[in-house]
Amino acid sequence: MPLTDKSRKRSIRTAVTLASALLPVLLGSVILYLQAERTLQQSARLTAEEALKQFDLMLDNTSQAARELLPLAGKSCTDVELALREQVTRRPFVRSTNLLWDNAIYCSSLFGNYHEKLTHTDFVDNRLLLIKGNPITPDTALLIYRLNVGEGGAMSTLDGYHLSNVLRMIGHHTLLILQVGPNWLSADGQFHEGAAQDFPVANSRLESSHYPFGVKAGFPAGETWRYMSSEYPPLFSLLIFFGAASGVIGHFLQKRTSSPTHEMKRALEAMEFVPYFQAVVHGDSKKLSGVEVLMRWNHPKEGLVRPDLFIPFAEHTGLIVPMTRSLMQQTAALLGPLSSSFQAPFHIGINITANHCQNFDLVQDCRAFLEAFAPGSIYLVLELTERELIEPTALTHQLFEQLHDLGVKIAIDDFGTGHSSLGYLRQFNVDFLKIDQSFVAMIGIDTLSSHILESIIELAAKLELALVAEGVETQAQSDYLSEHNVNFLQGYLYGRPIPGTEFINALSDH
Ligand code: C2E
Ligand code: CA
Ligand code: CA
């Protein structure tokens with residue numbers, strides 16, 4: 001009887017093991033990725049700040065030259081030519097200086113007296129202009145700083161070579177560009193027109209607060225992974241170690257949690273759950289009236305295992321249902337052939353749990369059980385413990401009606417320990433109450449328990465329910481219960497639970 005699809009279970013277990021191994025690695029990688037992004041963002045910003053500071057300093061130097069020359073605008077070039085050249089030699093970043101009049105250069109540090117109409121007039125903020133080059137060095141970008149007062153003006157130019165040097169040296173691993181109005185300069189010294197595109201990783205843009213230019217920093221695509229693979233190998237090793245450890249733990253935890261179920265399924269298939277039989281006698285004549293079937297686990301290594309050690313777990317996993325079915329089949333196979341020799345209907349008590357009342361399988365199991373016996377030779381008694389009452393629902397109502405129609409009897413086990421109401425007893429068509437052995441054990445010892453026992457006996461008489469007393473061990477208990485008209489007695493005084501073959505031998509001797 002295959003209970004579950006084993007390979008499916010195994011693949012689920014493998015998947016859970018894999019998930020517990022991969023989850024820390026994945027989560028850790030995500031955290032490291034975010035951390036790397038943050039680090040790159042900070043680095044790009046710091047680089048941009050540094051470049052901005054450097055350009056500000058260079059422009060301070062360049063603009064100072066224009067400021068000093070501005071008062072000379074309008075004067076004759078021959079008189080001021082020397083002053084223009086002096087600025088070029090004194091200031092490290094200044095490549096040339098010019099004086100303007102009416103938007104035309106009329107004096108230059110390079111050519112002295114010289115006339116050229118200004119072709120570029122689109123200075124950003126009227127001050128700064130980045131151009132591709134001039135007629136002398138057409139391929140070297142120039143940054144021009146201009147100051148104007150009235151018709152006069154002064155200009156100083158900064159060599160693109162210095163600018164691209166800064167971009168290269170400060171940028172190092174970071175990509176950097178200098179943006180002046182609509183034009184920009186890259187670290188290779190190339191002049192570009194139009195706004196520069198954002199960098200794919202950690203794009204950062206800063207504007208100077210002194211001059212109309214900005215700096216953009218960032219990294220090429222894939223830099224985050226490159227950074228992680230160069231900076232985080234020790235952390236990755238740690239992640240892989242944690243992943244492996246968590247996978248191993250996950251694997252063993254699953255094995256631990258699944259193994260008792262697995263072991264019980266194996267035992268079920270190997271028919272290790274066997275019925276033991278305990279005699280129940282008539283209260284008056286003490287003649288055999290029936291048996292209670294009690295489960296034992298015939299474990300190959302542990303020996304005979306008591307039911308209280310495995311029944312709660314079987315109930316928890318739902319395995320109790322196929323286990324009980326197996327017990328009923330074994331009981332029917334053992335006792336069925338003797339049924340023609342039973343005189344009055346022989347009581348066979350089977351313990352059931354709430355798990356059995358979730359569908360109608362129990363009806364089918366009981367029908368199959370009854371079919372193994374001569375008609376009318378037995379009463380099948382289902383024992384339901386009062387400790388764990390079954391909830392009355394439409395389904396259970398129907399279930400018990402069908403069981404009743406089959407002639408199955410119902411007993412409330414461990415009666416007195418729970419709280420079944422009168423209505424409950426009626427609703428489930430209860431036939432027997434089994435007085436819990438704790439009350440029987442107190443006969444002659446504890447007066448309060450004796451009072452409870454007497455009330456139970458009275459209640460049963462009023463409700464016209466048959467009474468069974470469990471755990472009868474002494475003659476005094478037996479006498480007391482017989483005097484109080486308890487219908488059936490069960491206990492070590494009349495016999496302990498014994499294996500099927502032994503019970504059959506005793507039955508035939510009888
Ligand atoms: P229970 O249904 O109340 O069964 C009576 C228990 O009392 C049995 O214990 C029996 O051996 C024990 N007993 C009988 N006479 C005496 C006596 O004179 N003195 C003492 N001290 N004990 C006596 P067992 O067989 O160990 O079963 C324990 C419990 O395990 C059962 O209590 C029942 O709740 C559960 N159980 C046993 N077999 C099954 C089963 O097939 N299905 C289910 N669902 N539960 C079972
Ligand atoms: Ca019982
Ligand atoms: Ca009991």
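These questions and answers cover a calcium site and two cavities in a predicted model.

Q: Why is E292 called buried?
A: The cut-off for buried is under 20% relative accessible area. E292 has a relative accessible area of 3%. That value falls under the cut-off, so E292 is buried.

Q: Why does N351 count as partly exposed?
A: Partly exposed lies between the 20% and 50% cut-offs. N351 has 29% relative accessibility. It is therefore neither buried nor exposed, but partly exposed.

Q: What makes E292, N351, E383 and D413 donors of the calcium ion (ligand 2)?
A: For Ca, a donor is an N, O or S atom within 3.2 Å of the metal. The coordinating atoms are OE of E292, OD1 of N351, OE of E383 and OD of D413, at 2.1 to 2.3 Å. These distances are within the limit, so the atoms count as donors. Water is not among the atoms, so the site may look incomplete.

Q: How are the donors of the calcium ion (ligand 2) spaced along the chain?
A: The spacing is E-x58-N-x31-E-x29-D. E292 sits in strand β13 (residues 288–299) and N351 in strand β15 (residues 346–352). The two are 59 residues apart, and the pair links distant parts of the chain.

Q: What connects the calcium ion (ligand 2) with the calcium ion (ligand 3)?
A: D413 coordinates both. The two ions are 4.5 Å apart.

Q: How do you know which residues belong to the largest cavity, and which lie closest to its centre?
A: A lining residue needs an atom within 4 Å of a cavity point. There are 14 such residues, and V280, H347, V381, E383 and V468 are the closest to the centre. The cavity holds about 130 Å³ of space. Strand β13 gives the most to the lining, with three residues. Strands β15 and β16 (378–385) are among the elements that give two or more. E383 also coordinates the calcium ion (ligand 2).

Q: What classes of residue make up the lining of the largest cavity?
A: Seven are nonpolar, four polar and three charged.

Q: Why does the lining of the second largest cavity count as eight nonpolar residues?
A: Leu, Met and Phe are among the types that count as nonpolar. The lining is F55, M58, L59, L143, L158, L163, L178 and F213. Each is a Phe, Met or Leu, so the lining has eight nonpolar, no polar and no charged residues. Helix α1 (residues 6–69) gives the largest share, three residues. The volume is about 30 Å³.

Note on methods. Residues are numbered from 1 along each chain as its sequence is written. Chains are lettered from A and ligands numbered from 1 in the order in which they are written. This is a predicted model: local features need pLDDT of at least 70, side-chain atom pairs count only at pLDDT 80 or more; totals for chains, interfaces and linings use all residues. Side-chain values use heavy atoms; hydrogens and water are left out. Donors are N, O and S atoms within 2.8 Å of the metal (3.2 Å for Na, K and Ca); water is not among the atoms, so sites may look incomplete. Helices (H or I, at least four residues) and strands (E, at least two) are DSSP runs, numbered from the N terminus. Buried means under 20% relative accessible area, exposed over 50%, partly exposed in between (1.4 Å probe, protein chains only). On a 1 Å grid over the protein atoms alone, a cavity is a set of points where a 1.4 Å probe fits but cannot get out, and a pocket is an open set with protein on both sides within 12 Å along at least five of seven lines; lining residues have an atom within 4 Å of a point. Grid points are joined across faces, edges and corners, and a volume is the space filled by probe spheres set on the points.
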